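Colleague: I have a model open and want to learn to read it. Can we go through it feature by feature?

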Amino acid sequence: MNHLTNPVASILDHYPALIIDGALATELERRGCNLKDDLWSAKILLEQPEKIKEVHYDYFKAGADCAITASYQATIAGFMKRGLSETDAIDLIQKSVRLAVEARDEFWADEANRVGRSKPFVAASVGPYGAFLADGSEYRGNYGLSESQLMDFHRPRMKVLIEAHADILACETIPSLVEAQALVKLLDEFQSIEAWISFSCRDEMHVNEGQPLIDCVRLVEASPFVSAVGVNCTSPKYIPSLIREAKKATKKPILVYPNSGESYNASRNTWDGHPVYESFGEEARTWYQAGARLIGGCCRTTPEDIQTIAGWARSSR
Ligand SMILES: [Zn+2]
């Protein structure tokens with residue numbers, strides 16, 4: 001326990017499920033944004049910030065209890081490589097939080113939007129080191145970096161996201177035990193914000209780098225600063241098994257926000273294959289039944305998927 005506010009608990013204390021939002025980057029593409037860039041959704045932060053706000057707003061409208069910010073691939077080093085000064089890079093990362101806060105406040109200002117739900121919160125995305133490399137290595141891991149090198153990578157962005165007053169950090173698409181360890185240590189170092197830690201997995205039992213998910217969850221379980229743990233950007237067909245694995249190692253709420261089941265082709269920057277389920281949002285009900293309490297979607301999911309989840313999740317409230 002710690003003295004910090006835990007936005008996850010403040011919703012789950014009152015409702016049986018917390019609805020996470022859906023994809024940001026692929027939804028921006030669906031709306032005509034060009035994300036063929038190493039900085040991915042961060043490019044839109046620079047060029048079309050109003051589009052990001054619009055997507056956040058639409059997810060709140062669809063029923064999401066939180067927005068995950070457009071900082072997944074935004075790092076100070078990445079922006080500086082694009083010619084920004086350090087100050088401008090920091091400002092742009094913090095802008096990702098401001099846009100989500102503005103969308104939330106506009107949404108919440110309308111009384112009609114408040115019926116039967118909690119005020120949504122803002123989860124600042126902390127993407128893995130592999131997202132900074134922009135070569136798809138978050139789906140493989142094996143960066144060859146030590147825990148302390150990973151801490152050095154993550155520390156500055158986490159600091160600026162905390163300073164931008166995000167409600168929680170969403171450490172997501174984490175492919176390895178060592179990167180989770182680095183994040184847990186940093187949360188301990190900061191002592192000033194809670195986080196969720198979410199792994200990307202390659203099958204029914206293992207994170208993308210190959211360690212058993214159960215070991216990763218056990219590690220995270222020990223941290224007083226982690227308010228939920230689970231899996232994202234993973235094929236939905238593995239989710240029921242992964243929930244069972246996670247449950248063996250944690251009493252924390254379990255979160256799942258898989259992708260559509262299509263697979264990312266890093267060399268072409270495209271998603272290949274077909275969605276695994278006809279209705280992602282309906283399938284999500286089985287994840288709730290398996291024990292997940294925070295449920296949403298990752299790449300290739302849409303506001304319509306989130307609306308379907310909200311449909312069954314809110315009626316069971
Ligand atoms: Zn994803």
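Colleague: How do I read the packing of helix 8 and helix 9?

Modeller: Two packed helices are described by the angle between their axes and the distance between the axes. Here helix 8 (residues 147–163) and helix 9 (residues 177–190) pack at about 50°, with axes 9 Å apart. The two are therefore oblique to each other. Angles under 35 degrees count as roughly parallel, over 145 as roughly antiparallel, 65 to 115 as roughly perpendicular, and the rest as oblique. Axes are lines fitted to C-alpha atoms, for helices over the stretch in contact, and angles run from 0 to 180 degrees between N-to-C directions. Helices (H or I, at least four residues) and strands (E, at least two) are DSSP runs, numbered from the N terminus.

This is a predicted model: local features need pLDDT of at least 70, side-chain atom pairs count only at pLDDT 80 or more, and totals for chains, interfaces and linings use all residues. Residues are numbered from 1 along each chain as its sequence is written, and side-chain values use heavy atoms, with hydrogens and water left out.

Colleague: Which residues of helix 8 meet helix 9?

Modeller: Contact means heavy atoms within 4.5 Å. On the helix 8 side, the residues include L150, M151, H154 and M158. Helix 9 answers with residues including V178, A182, L186 and F190. By class, this contact has 10 nonpolar, two polar and six charged residues. Ala, Val, Leu, Ile, Met, Phe, Trp, Tyr, Cys and Pro count as nonpolar, Asp, Glu, Lys and Arg as charged, and the others, Gly among them, as polar.

Colleague: What is the strand order in the open sheet?

Modeller: Strands of a sheet pair through backbone hydrogen bonds, either parallel or antiparallel. Two strands pair if DSSP finds at least two bridges between them. This open sheet has eight strands in the order 1-10-7-6-5-4-3-2, with parallel pairing. Strand 1 (18–19) and strand 2 (66–68) stand at the edges with a single partner strand each, so one side of each has no neighbour in the sheet. Helix 8 packs on the sheet, touching strand 3 (121–126) and strand 4, and its direction makes about 165° with that of strand 3.

Colleague: Which residues are the protein donors of the zinc ion?

Modeller: Donors are N, O and S atoms within 2.8 Å of the metal (3.2 Å for Na, K and Ca); water is not among the atoms, so sites may look incomplete. Here the protein donors are C233 (SG), C298 (SG) and C299 (SG), lying 2.2 to 2.3 Å from the zinc ion. Their spacing along the chain is C-x64-C-C. C233 sits in the loop between strand 6 (226–232) and helix 11 (239–247), and C298 in the loop between strand 10 (294–295) and helix 13 (303–315), so the pair ties together parts 65 residues apart in sequence.

Colleague: At what angle do helix 4 and helix 13 cross?

Modeller: Roughly 25°, and the axes of helix 4 (residues 49–62) and helix 13 come within 8 Å. These helices are therefore roughly parallel to each other. D58, Y59 and A62 in helix 4 meet P303, I306, Q307 and A310 in helix 13.
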